[in-house]
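Here is a friendly walk through one protein model, meant to be read with the coordinates open beside you. Let us take the strands, helices, cysteines and charged pairs in turn.

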Amino acid sequence: MSAPEAPGDAEGDADRDDLSGDLRSVLVTSVLNLEPLDEDLFRGRHYWVPTSQRLFGGQIVGQALVAAAKSVSEDVHVHSLHCYFVRAGDPKVPVLYHVERTRTGASFSVRSVKAVQHGKAIFICQASFQKLQPSPMQHQFSMPAVPPPEELLDHEALIDQYLRDPNLQEKYRVGLNRIAAQEVPIEIKLVNPPTTLSQLQTLEPKQMFWVRARGYIGEGDIKMHCCVAAYISDYAFLGTALLPHQSKYKVKFMVSLDHSMWFHAPFRADHWMLYECESPWAGGSRGLVYGRLWRRDGVLAVTCAQEGVIRLRPRVSASKL
C-alpha cells in the first residue's frame, strides 16, 4: 500500500524525488533490510556503530518495527510502539528478531518483538497497528517557528566552523573530530546552535534540529517511512537531558532504558522534518526526554518519549599553578 502523500514539502526536498543524482538510502537497502530465516524470524545486520561500541538503539527499534510490520496486513499501519533495552547490543554479531502475533483484531493488531544475541534478549518491543479510521475529533499543538533547513549549516559545516576557532579547547577538538569521522546515515541541521562552544555553559534542556534520512526512499510504503523514523528518533535524543550540565560534567555512562513512539500522520522520512526535543526532568542518574517530529508544513507526524541512564563525573579544571 502506498503512503498517502505528505503535503507541504518545500523545494529543499525536491532532490529526493529524482533518483538520477541520488543513491537509494542505505537505511532501506542495508540497515532496515532484514534477512528472513523462518516465519516471523529475521536477522538484522549493522551499518553504523557509535563510538561507545554498543549497538545504536535507533537501529534496534527500527529493525524490530520492520520485523513486526512484516507480520501484519497491508491495510494496517503502526500507531504506537513501546520498547525496553534490557542488555547492551554486541556490534560484532547480527541480531535475531522473533515476532509474536499477540493479537489480530478487526481494527487493531498487536505484535511483540524480541531481539536476541548470544541466546539472550537484548531488547523487547510491543507495536500496535491500526486500520485507517477517520474521526471528526482532531487537534494538535502548533509547530515552532524556526528558520527553514536551507538557511542552516549542516552538521559537517557546523563542526568545521567550531574546529576553525583558534581558542577551541583541545578536549572539544578531539570530540568534534571523532564526531566528524562518523558515517551516520541521516542528515542534521541544528536550529540556533551555539556560535561558540563556550555557550555550552548556558544551554537549557531543549534542542531543535531538522533531520532526514540520507539518500532517496520515495513514496513507497508508509510502513518503511515509520521504520526509518524509528531509527532517526533515537539520534541525539537522550543527550537533550545532558545539555545544561555538559560544561561541568563528563559522561561516564549513558544508555537508553526505554523508548516509545506514537505515529499521527503520514510523512516521508527522506524529507526534512523538525525534531523538537526537551527534557522536563533529570535525577537519580536518569534523564527523561520528549520529542516531536514535525513535517515542514506544520503537521505533527510523530511523538516520542525516552528515559535513559546518565552517569556523570566532574570535569577536572586545568591547574592554575
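## Strands and their partners

Strand 7 (residues 186–190) is largely enclosed by the rest of the structure, because four of its five residues are buried. Please keep in mind that this is a predicted model. Strand 7 runs antiparallel to strand 8 (residues 206–213), and five bridges join the two. If you would like one pair to look at, Leu190 has Phe209 of strand 8 as its bridge partner.

Further along the chain, strand 12 (residues 300–314) is a good place to stop. With strand 9 it pairs in the antiparallel sense over 13 bridges. Within that pairing, Asp258 stands opposite Glu307 in strand 12. Strand 11 (residues 286–295) is also antiparallel to strand 12, and nine bridges join them. Here Gly287 has Gly308 in strand 12 as its bridge partner.

What lies between strand 11 and strand 12? The two form a hairpin with four residues between them, and Gly298 in the turn has a positive phi of about 95°.

## A nonpolar patch on the surface

Staying with this region, which residues form a nonpolar patch on the surface? They are Tyr249, Val251, Met254 and Leu312, and together they have about 290 Å² of accessible area. Strand 9 (residues 249–263) gives the most to the patch, with three residues. Met254 is found in strand 9, and this residue counts as partly exposed because its relative accessibility is 33%. As a general reminder for viewing such strands, side chains in a regular strand alternate between the two faces of the sheet.

## Two covered helices

Helix 2 (residues 57–69) offers a simple check of geometry. Its 13 residues should span 18 Å at 1.5 Å a residue, and its end C-alpha atoms are 18 Å apart, so the two values agree. Helix 2 is also mostly covered, with 13 of its 13 residues buried.

Helix 5 (residues 222–233) can be treated in a similar way. It has 12 residues and reaches 16 Å from its first C-alpha to its last, close to the 16 Å expected at 1.5 Å a residue. Is helix 5 largely enclosed or exposed? It is largely enclosed by the rest of the structure, because 11 of its 12 residues are buried. The buried residues of helix 5 include Lys223 and His225, along with Cys226, Cys227 and Tyr231. In general, an α-helix has 3.6 residues a turn, so residues three or four places apart point the same way.

## Cysteines without a bond

How many disulfides does the count come to? The count comes to zero disulfides. Cys83 and Cys125 make a useful case to work through. The sulfur of Cys83 has its closest cysteine sulfur in Cys125, at 3.4 Å, which is too far for a bond because a disulfide needs the sulfur atoms within 2.5 Å. Seen from the other side, Cys125 is in no disulfide, and its nearest cysteine sulfur is that of Cys83. Cys83 is buried because its relative accessible area is 2%, and Cys125 counts as buried because its relative accessibility is 6%.

## Salt bridges

Charged side chains give you plenty to explore, as the count comes to 12 salt bridges. Three of them are set out below, with the distance between the closest N and O atoms.

| Basic residue | Acidic residue | Closest N and O atoms |
|---|---|---|
| Arg43 | Glu35 | 3.0 Å |
| Lys92 | Asp90 | 3.3 Å |
| Arg268 | Asp270 | 2.9 Å |

The surroundings of these pairs are worth a look too. Arg43 is partly exposed, with a relative accessible area of 25%, and Glu35 also counts as partly exposed, at 33% relative accessibility. Lys92 counts as exposed at 70% relative accessibility, whereas Asp90 counts as buried at 14%. For the remaining pair in the table, Arg268 counts as buried at 9% relative accessibility, and Asp270 counts as buried at 0%.

Which residues are linked in a network of salt bridges? Asp13, Glu150, Glu187, Arg212 and Arg296 are linked in this way.

Terms used: Residues numbered from 1 in each chain as written. Predicted model: local features only at pLDDT ≥ 70, side-chain atom pairs only at ≥ 80, totals over all residues. Heavy atoms only, no water. Patch = residues over 30% accessible without salt bridge, like charges linked within 9 Å, V, L, I, M, F, W, Y side chains within 5 Å. Areas by Shrake-Rupley, 256 points an atom, 1.4 Å probe, with all protein chains shown as cover. Salt bridge = Lys/Arg side-chain N within 4 Å of Asp/Glu carboxyl O. Buried < 20%, exposed > 50% of the residue type's maximum accessible area, 1.4 Å probe, protein only. Expected span 1.5 Å × (residues − 1). Pairing = 2+ DSSP bridges.
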